[in-house]
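Please load the model in your viewer and keep the selection panel open. The stops below move from the whole chain to individual side-chain pairs.

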Amino acid sequence: MKHKYQINGISCGGCVARVKKALEEHPAIITAEISLTPKKGMTLISMTKELSVADLQKQLNIIDGFTITELN
């Protein structure tokens with residue numbers, strides 16, 4: 001299953017790499033596709049099971065400075 005999210009705090013390719021690595025370390029996340037354009041931080045996450053935004057934020061808290069919200 002895939003879900004769309006907005007990750008705030010992403011401003012460069014280095015941020016994309018750090019966020020992608022942190023998210024993909026979670027055992028339920030298959031891939032995290034993060035875009036810098038056209039909308040910075042737009043992320044498509046493929047999961048083996050549905051994770052809540054709170055679960056995803058907890059995973060992102062491994063690194064500082066990023067917050068996640070779900071997009072409809």
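**Charges first**

Select the charged side chains to begin with: the chain carries 9 positive and 7 negative ones, and the centres of the two sets lie 5 Å apart. Lys and Arg are taken as positive and Asp and Glu as negative, while His and the chain ends are not counted; each charge is placed at NZ of Lys, CZ of Arg, CG of Asp or CD of Glu. This is a predicted model, in which local features need pLDDT of at least 70 and side-chain atom pairs count only at pLDDT 80 or more, whereas totals for chains, interfaces and linings use all residues. Residues are numbered from 1 along each chain as its sequence is written, and side-chain values use heavy atoms, with hydrogens and water left out.

**The whole chain**

Switch to a cartoon view and follow the chain from its N terminus, where the order of elements reads β-α-β-β-α-β, giving 2 helices and 4 strands (DSSP runs, with H or I over at least four residues for helices and E over at least two for strands, numbered from the N terminus). The radius of gyration, taken over C-alpha atoms, is 11 Å, close to the 11 Å of the globule rule (2.2 Å times the number of residues to the power 0.38) for 72 residues, so the chain is as compact as a globular protein of that length. Along the principal axes, the C-alpha atoms fill a box of roughly 30 × 25 × 20 Å. If you colour by accessibility, buried residues (under 20% relative accessible area, with exposed over 50% and partly exposed in between, for a 1.4 Å probe and protein chains only) make up 40% of the 72 residues.

**Two salt bridges**

Which side chains should be selected next? Side chains of opposite charge can pair when their charged atoms come close. A search of the whole structure finds 2 salt bridges (a side-chain nitrogen of Lys or Arg within 4 Å of a carboxyl oxygen of Asp or Glu).

Select K20 and E24, whose side chains meet in a salt bridge at 2.8 Å, N to O. Both belong to helix α1 (residues 13-24), and because they are 4 residues apart there, about one helical turn separates them. K20 is partly exposed at 31% relative accessibility, and E24 is also partly exposed, at 29%.

Then select K21 and E25, which form a salt bridge with their closest N and O atoms 3.0 Å apart. Here K21 counts as exposed, at 54% relative accessibility, whereas E25 is partly exposed, with a relative accessible area of 45%.
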